[in-house]
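Got the model open in your viewer? Let's take a walk through it, one selection at a time.

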Amino acid sequence: MTNVPTLDEIRRTRAMIDPHVLTTPIHTWRGREIGAALGSTEVVLKLELFQHTGSFKARGAVAVTLNLSKEQLGRGIVTISAGNHAIAAAYAAKTVGTSAKVVMAKNANAARVARARAYGAEVIPAENVVEGFELVKKIEADEGRAFVHPFEGPWTSRGTGTLGLEFSDQAGRLDAVIVPIGGGGLASGVSTAIKLAQPHCAVYGVEPEGADAMSRSFKSGKPERLEKISTIADSLAPPFTTPLAFELCRKHIDEIVLLDDQAMRRAMGLLFREMKLAVEPAGAAATAALLGPLKDRLKGKRVGLIVCGANIAIDDFAENVRLGEQG
């Protein structure tokens, strides 16, 4: 297949975006609760929630935006997002001195809308995702803005590949890495970089049960579209998969596991109690997968977890943790 990033391309992408992104830390998680749950399994967290804009999305958005022509930058960018990519695209636009219009659903989290606006984006409401993508197409056609896709494209995957390569360099040898999957923008780049840097390392993707587009795509062998979405992890809930992200994930991810919302809520609570991290549901997905469907399989291994983001309102975080403690 074409557009498979190489390690050299990922390294060059890292050098390109370096002035605008952070090298986020890793941490070996040791605590009473995690020790009791996992025993001899060593857990290494990649704390990407400390990235500019509060999630991994800055890497891809900056990589895409820096590769636009002067003419494209003069017309500005447009995107659609549940929140994290909207914030990152707004940040990327501000970084290069252009304007951003971001389409967000009317029920989008108010804190995320406010953050996108704080970076200078014009937020345009849509009734739903389907209407939102149509609105993006209209803005592209009417204004000539460049579409910065939330999860598809070679520069997006190279940008998120910098996260995987950075993690590999920091952590050393890992037996497995667990990465959350929404549309596959994060997972495509991270899985590619990990497999190139550490071919022995297993890569597991994790999806919500109520937004399992990538799992369905793996089963059918082609990008799939969901008719219905039901999950608290809106960052992991696009209605479809796309060709490049799907192909990179299929090539480099060994297996995808599914989680219910309650598992993510419990993991959010555990990360807060032991690591003092207030993450969004997607940011807890890898932890939930290791505590659940991958627990026995990875027992005694050295496992890397991607903590991908923390853009969540305080009240929403507290409510999810409270519900997680109920069962």
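Start by selecting Ala-176 and Val-303: Val-303, in β10, is the bridge partner of Ala-176. Keep in mind as you look around that this is a predicted model. Now widen the selection to the two strands, β7 (residues 176–180) and β10 (residues 302–307), which pair in the parallel sense over three bridges.

Next, bring up the rest of that sheet. Which order do its six strands take? Reading across, you get β1-β2-β10-β7-β8-β9, an open sheet with mixed pairing. Color β1 (26–29) and β9 (255–259), the strands at the edges. Each has a single partner strand, so one side of each is left without a neighbour in the sheet. Turn the view to look across the strands: the twist averages 25° from one strand to the next.

While you're here, add helix α10 (residues 213–220), which packs on this sheet and touches β8 (202–208) and β9. The direction of α10 makes about 140° with that of β9.

Now hop to another sheet. Select Val-78 and Phe-147: Val-78 stands opposite Phe-147, which is in β6. Their surroundings are strand β3 (residues 77–80) and β6, running parallel and joined by two bridges. Zoom out and you'll see an open sheet of four strands, ordered β5-β4-β3-β6, with parallel pairing. Why do β5 (122–126) and β6 (146–147) each have one side without a neighbour in the sheet? They stand at the edges, each with a single partner strand, so that side is left free of a neighbour.

Add helix α7 (residues 129–143) to the picture. Helix α7 packs on the sheet and touches β3, β4 (100–105), β5 and β6. Compare directions, and α7 makes about 170° with β3.

Time for a pair of helices. Show α9 (residues 185–197) and α11 (residues 243–252): they pack at an angle of about 35°, with their axes 8 Å apart. The crossing of the two is left-handed. For the side chains, select Ala-187, Ser-188, Ser-191, Thr-192 and Lys-195 in α9, then Ala-245, Leu-248, Cys-249 and His-252 in α11, which they meet. Color this contact by class and you'll find four nonpolar, four polar and one charged residues.

Stay with α9 for the next stop, the largest cavity, since α9 is one of the helices that supply at least two residues of its lining, along with α3 (57–66) and α8 (154–171). The cavity has a volume of about 60 Å³. Who gives the most to the lining? That's α3, with three residues. Try selecting some of the lining residues, including Phe-56, Lys-57, His-85, His-149, Pro-150, Thr-156 and Leu-186. By class, the lining divides into four nonpolar, six polar and one charged.

Last stop: the second largest pocket, with about 210 Å³ of space. Select Arg-266, Ala-267, Leu-270, Arg-273 and Leu-291, the closest to its centre of the 14 residues that line it. Then show the helices around the pocket: α2 (32–38), α12 (261–275), α13 (281–291) and α14 (314–324) each supply at least two lining residues. The largest share, seven residues, comes from α12. Color this lining by class to finish: it has seven nonpolar, two polar and five charged residues.

Conventions: Residues numbered from 1 in each chain as written. Predicted model: local features only at pLDDT ≥ 70, side-chain atom pairs only at ≥ 80, totals over all residues. Heavy atoms only, no water. 1 Å grid on protein atoms, 1.4 Å probe; cavity = no way out; pocket = protein on both sides within 12 Å on 5 of 7 lines; lining within 4 Å. Points joined across faces, edges and corners; volume = space filled by probe spheres on them. Nonpolar A, V, L, I, M, F, W, Y, C, P; charged D, E, K, R; others polar. Axes fitted to C-alpha atoms, helices over the stretch in contact; angles between N-to-C directions. Left-handed = near helix turned anticlockwise from the far one by under 90°. Contact = heavy atoms within 4.5 Å. Pairing = 2+ DSSP bridges.
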